[in-house]
Amino acid sequence: MSNPSTRVLVAGALAAVSLSGCYVVPVASDGTPIYPLVGPAYPAVAVPVPAVQGPGPNYLAPVPGRNARPANGPQAVAYAAPVAEPAAPTGPAVPAALQARLYPSNEVATETGMLSGTVTNMMTGKGLFQLNYRGEILSGEATRVPGDDRRGVANAYGQRGTYMSCDYRMTTPYQGTGTCNLSNGAQYQVHIGG
């Protein structure tokens, strides 16, 4: 195999590997997916598009508009029945992981510096929370507050007795901010997501 062919093969393989992966879908407290954009980001303008008729003598001919009159007088115009689109397959919701970065906001927290943890959304309104604090793994859960789909609380506990309580608010399905307080008095500002 020649040198340029090898380069093309390697570049194609690298492109395929770099484009594969998984994605995160945020969910509401009831487990339904939340999409960040409900409508278009720009003002929508309806543009009429002529439809086409199905198989028959006028196959692929434009369908006249609602107020159009037939050219040969008041005879009936045949329209094709709409074709139903198949429903997208639905399956069980897949847990999604978000990064949590904690920045010191008082003297006690400054001794340790910035912390990093993860929140795994179980797609049920609850999540698993984990953080390494001074070599102690704090783990617990995060839960959305009933009646407020954007606000939540998270609590974690470590094997040496350290515990943490957080209050957060999601600004989008992918990002949020809040505060965390540890049992030793350390206070942090938390940023969730990317």
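1. Strand 3 and strand 4 run antiparallel and are joined by eight bridges. Within this pairing, Q130 stands opposite S139 of strand 4. The model is a predicted one, and the points below should be read with that in mind.

2. The turn of this first hairpin deserves a look. Two residues lie between strand 3 and strand 4, and R134 takes a positive phi near 55 degrees there. R134 sits in the loop between strand 3 (126-133) and strand 4 (136-144). Most residues other than glycine have a negative phi. R134 is not a glycine, yet its phi is positive, about 55 degrees. Is R134 buried, partly exposed or exposed? With a relative accessible area of 46%, R134 is partly exposed.

3. Strand 4 also pairs with strand 5, in the antiparallel sense, over seven bridges. S139, which faces Q130 of strand 3, has Y157 as its bridge partner in strand 5. E141 is likewise bridged to strand 5, with N155 as its partner. The hairpin of strand 4 and strand 5 has six residues between the strands. In that turn, G147 has a positive phi of about 90 degrees.

4. Strand 5 covers residues 151-158 and has two faces. Which residues make up the covered face of strand 5? They are G152, A154, A156 and G158. The uncovered face holds R151, V153, N155 and Y157. The bridge partners of S139 and E141, Y157 and N155, are thus named on the uncovered face.

5. On its other pairing, strand 5 is joined to strand 6 (residues 163-172) by seven bridges, and the two run antiparallel. V153, from the uncovered face of strand 5, stands opposite D167 in strand 6. Four residues lie between strand 5 and strand 6 in their hairpin, and G161 in the turn has a positive phi of about 100 degrees.

6. S165 belongs to strand 6. S165 is partly exposed, its relative accessible area being 33%. Beyond its neighbours within four places in sequence, S165 is in contact with A154, N155, T179, C180 and N181. With N155 there is a side-chain polar contact of 3.1 Å. S165 and C180 are 15 residues apart in sequence, while their C-alpha atoms are 5.6 Å apart in space.

7. How many disulfides does the model contain? The count is one. C166 and C180 form it, with their sulfur atoms 2.0 Å apart. The pair links distant parts of the chain, C166 in strand 6 and C180 in strand 7 (residues 175-182), at a separation of 14 residues. The link of C166 and C180 is right-handed, with 115 degrees about the S-S bond. Both cysteines, C166 and C180, are buried.

8. C180 appears again in the largest nonpolar core, which has 23 residues. The members that touch the most other members are L102, Y133, L138, M164, C180, L182 and Y188. At least two residues of this core come from each of strand 1 (96-104), strand 2 (115-121), strand 3, strand 4, strand 5, strand 6, strand 7 and strand 8 (187-193). Strand 6 gives the largest share, four residues. As background, nonpolar side chains in soluble globular proteins tend to be buried together.

9. Confidence is uneven. The chain has a mean pLDDT of 74, and 55% of its residues reach 70 or more. Where in the chain is confidence lowest, and where is it highest? Helix 1 (residues 3-19) has the lowest value, a mean of 65, and helix 2 (residues 107-110) the highest, 96. Over residues 37-44, pLDDT stays under 50. For residues 37-44 the model has zero contacts beyond four places in sequence.

How values were computed. Residues are numbered from 1 along each chain as its sequence is written. This is a predicted model: local features need pLDDT of at least 70, side-chain atom pairs count only at pLDDT 80 or more; totals for chains, interfaces and linings use all residues. Side-chain values use heavy atoms; hydrogens and water are left out. Buried means under 20% relative accessible area, exposed over 50%, partly exposed in between (1.4 Å probe, protein chains only). Two strands pair if DSSP finds at least two bridges between them. A disulfide is a pair of cysteine sulfur atoms within 2.5 Å. pLDDT is the predictor's confidence in each residue, from 0 to 100. Contact means heavy atoms within 4.5 Å. A polar contact is a pair of N or O atoms within 3.5 Å; within protein, one must be able to donate a hydrogen and the other to accept it, and residues adjacent in sequence count only if both atoms are side-chain atoms. A nonpolar core is a set of buried Ala, Val, Leu, Ile, Met, Phe, Trp, Tyr and Cys residues joined through side-chain atoms within 4.5 Å.
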